[in-house]
Amino acid sequence: MAGLAAAVRARELGAKPVVLEKGDRPGGSMLLSSGVVWRHRTFDGFRAECPGGDPALQQAIVERLDEAIGWLESLGAPVLEHETGNPRTIGKRFDTRGLTETLVSRAGDVQVGQVLVPGTGPWPEGPMILATGGFHVRLASDLGLPIRGNPWSVGDGLDLALERGGETTRGLEEFYGRAMPAGIPIDEAEFVPLSQLYGRFAEVVSEDGMQRFEGEVSWSETNLVQAIARWPGGRAWYRVHESRLGQRVRERTVADMIEHARAAGAVVREEPPFTSVLVQASVTQTLGGVRIDERARVVGAENLFAAGADAGGIATGGYSSGLAAGLVFGRIAAEEALS
Ligand SMILES: Cc1cc2nc3c(=O)[nH]c(=O)nc-3n(C[C@H](O)[C@H](O)[C@H](O)COP(=O)(O)OP(=O)(O)OC[C@H]3O[C@@H](n4cnc5c(N)ncnc54)[C@H](O)[C@@H]3O)c2cc1C
């Protein structure tokens, strides 16, 4: 998201940016996502939800997201829903394929298969915007967990920023992820439909039965997933009483989610009146990363900008929209790089 948004904005401003894309297709995790670009309704709500995040960055998202969403629509990006369906948040859901195609068609020179490799400078003259999607691949490997995002974001942006004198934020170990059925291969097309988003309706115990989640599960369930990630194997049983199977999480019921997992080969135990599903934490996106200021400048480095998941410290301690951060700071980075 961030790199393409920055490139489109830079072209609008008369520049001729080059986008290096390491993957075999543009769009990164954005293409795999649910496409909901959203923000907390108020700045205070954002602060309460993500207390460890940088207030100036959060403020920028609250102030600039609505206009940025309008900008995407004006470019022709297809909107599927004009509401998020969550009373805490405001935003729109885009068709991610159409969104990616719209941005790519206006970004100019998008070079697929070209990698920004830290340690191989000197770099071309002029400003550079880091937008490599954070380091969820590296963090997942460190934690022994599967990824639930694009397979290319290993932390190249972070390493390059550090090489150029950049600083990092707190919370480098924090991530946004989902509980997914454990022990089965999951194709990227199933990242959204196979997510098991009903920990709030379940008893959650570690696979060996030794640990139990006692806290309050946040609405995004990010705190639960991060807790499970530290249990043996990053695994847990979600044990659901039959009276909760009809509960809804957005458009799906708990029963829908369990049945989809069962059909995919998940480990499901029936012990009436309980149904239990074995899940594993998976890592979608890192929340810590390169420290930027509200103008997307990498703190400590010259002529270097970062946006999207490369820029940490926005959702620290909670969860906020990664697409929104990429969109807002991608645009800001382009504007600042050219100012
Ligand atoms: C299944 C799923 C559902 C999601 N649902 C939502 C949602 O509904 N709402 C929401 O806000 N967020 C959602 N997200 C998260 C969202 O997709 C990310 O927050 C967002 O894509 C981050 O934008 P980005 O530009 O930082 O990274 P990306 O979109 O991943 O783009 C980074 C790009 O950098 C490339 N790259 C990596 N390293 C290099 C390198 N060295 N050189 C060149 N290129 C490189 C990658 O290949 C990738 O294309 C979801 C994610 C997933 C996987």
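These are notes on a predicted model, covering its aromatic pairs, charges over rings, one helix and one pocket.

1. **Aromatic pairs.** A pair of aromatic rings is described by the distance of the centres and the angle of the planes. The model has five aromatic pairs. Take W38 and Y319: their ring centres are 5.5 Å apart and their planes stand at 65 degrees. Planes over 60 degrees apart count as edge-to-face, so this pair is edge-to-face. W38 belongs to strand β2 (residues 36-40). Y319 lies in the loop between β14 (304-306) and α10 (322-337). The two residues are 281 apart, and the pair links distant parts of the chain.

2. **Burial of that pair.** Are W38 and Y319 buried or exposed? The cut-off for buried is under 20% relative accessible area. W38 has 8% relative accessibility, so W38 counts as buried. Y319 has a relative accessible area of 9%, so Y319 is buried as well.

3. **A second partner for Y319.** Y176 also pairs with Y319. Here the rings are stacked, with 4.4 Å centre to centre and 25 degrees between the planes. Y176 sits in strand β7 (residues 175-181), while Y319 is in the loop between β14 and α10. The pair therefore ties together parts that are 143 residues apart in sequence. Both Y176 and Y319 are buried.

4. **The cluster.** Which residues join W38 and Y319 in one aromatic cluster? Y176 and W219 do. W219 turns up again in point 7, in the lining of a pocket.

5. **Charges over rings.** Two arginines are worth a look in the viewer. R269 places its charged end over the ring of W237, 4.0 Å from the ring centre. R331 does so over the ring of W71, with 4.4 Å to the centre.

6. **Helix α1.** This helix spans residues 2-12. Why call α1 largely enclosed by the rest of the structure? Because eight of its eleven residues are buried. They are A2, L4, A5, A6, A7, V8, R9 and A10. R9 is thus listed among the buried residues of α1. Just after the helix, G14 takes a positive phi of about 95 degrees.

7. **The second largest pocket.** Its volume is about 150 Å³. The lining includes G85, N86, P87 and R88. L197, R200, W219 and S220 also line this pocket, as do R248, V249 and R250. By class, the lining has four nonpolar, three polar and four charged residues. Among the lining residues are the arginines R88, R200, R248 and R250.

Note on methods:
Residues are numbered from 1 along each chain as its sequence is written. This is a predicted model: local features need pLDDT of at least 70, side-chain atom pairs count only at pLDDT 80 or more; totals for chains, interfaces and linings use all residues. Side-chain values use heavy atoms; hydrogens and water are left out. Rings of Phe, Tyr and Trp (its six-membered ring) pair if their centres lie within 6.5 Å; planes under 30 degrees apart count as stacked, over 60 as edge-to-face and the rest as tilted. Helices (H or I, at least four residues) and strands (E, at least two) are DSSP runs, numbered from the N terminus. Buried means under 20% relative accessible area, exposed over 50%, partly exposed in between (1.4 Å probe, protein chains only). A charge sits over a ring if NZ of Lys or CZ of Arg is within 6 Å of the ring centre and within 35 degrees of the ring normal. On a 1 Å grid over the protein atoms alone, a cavity is a set of points where a 1.4 Å probe fits but cannot get out, and a pocket is an open set with protein on both sides within 12 Å along at least five of seven lines; lining residues have an atom within 4 Å of a point. Grid points are joined across faces, edges and corners, and a volume is the space filled by probe spheres set on the points. Ala, Val, Leu, Ile, Met, Phe, Trp, Tyr, Cys and Pro count as nonpolar, Asp, Glu, Lys and Arg as charged, and the others, Gly among them, as polar.
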